[in-house]
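Here's a set of exercises to work through with the sequence and the model side by side. Try each task yourself, then read the solution.

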Amino acid sequence: MAPEARAGIVLDRCPVCGTVWCDRTELAAVVAAERPGALLGWGRRRPVDAARATPRCPRDPGAGLEPWDLDGVPFRRCPTCRGIAIAGEDLQRLLLQAGKPADHR
Ligand SMILES: [Zn+2]
């Protein structure tokens, strides 16, 4: 993992796959800094895809990262330390969407 500063918050990015590893607090801080006024929801758990291998938490080797979804953007969350793993492009999408008000019409 390589540290990457974003809006003053240091996130960890995997130099191989580009996945960003952070906690919910850090993610919320980045959204708040880059998208003032935007609220970051919690998202919801998605069913586990049995056909795909479950990545392990980098902090808790025994814990598998659960698939989650936030406004259509997939990410994975550790049930033990609540760390969040999100692909680089998905983090970008999350930040773009966070700035837009939800269109319910
Ligand atoms: Zn963990």
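**Exercise 1. Find the order of helices and strands along the chain.**

Step 1: Walk along the sequence and you get β-β-β-α-β-β-β-β-α. Here helices are DSSP runs of H or I with at least four residues, strands are DSSP runs of E with at least two, and both are numbered from the N terminus.

Step 2: Tally them up, and the chain has 2 helices and 7 strands.

Step 3: Check the overall spread. The radius of gyration is 14 Å, close to the 13 Å from the globule rule for 105 residues, so the chain is as compact as a globular protein of that length. (The radius is taken over C-alpha atoms, and the rule is 2.2 Å times the number of residues to the power 0.38.)

Two notes before you go on. Residues are numbered from 1 along each chain as its sequence is written. This is a predicted model, in which local features need pLDDT of at least 70, side-chain atom pairs count only at pLDDT 80 or more, and totals for chains, interfaces and linings use all residues.

**Exercise 2. Work out the strand order in the sheet, and say which strands stand at the edges.**

Step 1: Go across the open sheet of 7 strands and you read β1-β2-β3-β7-β6-β5-β4, with antiparallel pairing. Two strands count as paired if DSSP finds at least two bridges between them.

Step 2: Look at the ends. β1 (2-6) and β4 (44-45) each have a single partner strand, so one side of each is left without a neighbour in the sheet.

Step 3: Follow β1 to its partner. β1 and β2 (residues 9-13) are antiparallel and share 5 bridges, and A2 sits opposite R13 in β2.

**Exercise 3. Describe β7 and the strands it pairs with.**

Step 1: On one side, β7 runs antiparallel to β3, with 4 bridges joining them. V20 stands opposite I86 in β7.

Step 2: β7 also pairs with β6, antiparallel again, over 2 bridges. Here R77 has I84 as its bridge partner in β7.

Step 3: Inspect the β6 and β7 hairpin, which has 5 residues between the strands. In it, R82 takes a positive phi near 65 degrees.

Step 4: Sort the side chains. In a regular strand they alternate between the two faces of the sheet. In β7, G83 and A85 point one way, I84 and I86 point the other way, and all are buried. (Buried means 20 or more other C-beta atoms within 10 Å of a residue's own, exposed means 12 or fewer, and partly exposed is in between; C-beta atoms are placed from the backbone.)

**Exercise 4. Why does I86 count as buried?**

Step 1: Count its neighbours. I86 has 23 C-beta neighbours inside 10 Å, so it counts as buried.

Step 2: Leave out residues up to four places away in sequence, and I86 touches T19, V20, F75 and L91. A contact means that C-beta atoms, placed from the backbone, lie within 7 Å.

**Exercise 5. Which residues of α2 are buried, and where do they sit around the axis?**

Step 1: List them: in α2 (residues 88-98), L91, L94, L95 and A98 are buried.

Step 2: They cover an arc of only 95 degrees around the axis, which puts them on the same side of α2. (The arc is that of the directions from the helix axis to the C-beta atoms.)

Step 3: Turn to the face away from the buried side, and you'll find E89 and L96, both exposed.

Step 4: See what the buried residues pack against: β3 (20-23), α1 (24-34), β5 (66-70), β6 (73-77) and β7 (83-86).

**Exercise 6. Do the same for α1: which residues are buried?**

Step 1: In α1, the buried residues are L27, V30 and V31.

Step 2: They fall within an arc of 95 degrees seen down the axis, so they line one face of α1.

Step 3: Their cover includes β1, β2, β3, β7 and α2.

**Exercise 7. How many residues are in the largest nonpolar core, and which elements supply two or more?**

Step 1: The core has 20 residues. (It is a set of buried Ala, Val, Leu, Ile, Met, Phe, Trp, Tyr and Cys residues joined through C-beta atoms within 7 Å.)

Step 2: Two or more residues come from each of β3, α1, β6, β7 and α2. The largest share, 4 residues, belongs to α2.

Step 3: Those with the most contacts inside the core are V20, C22, F75, I84, A85, I86 and L94.

Conventions: Two residues are in contact if their C-beta atoms, placed from the backbone, lie within 7 Å.
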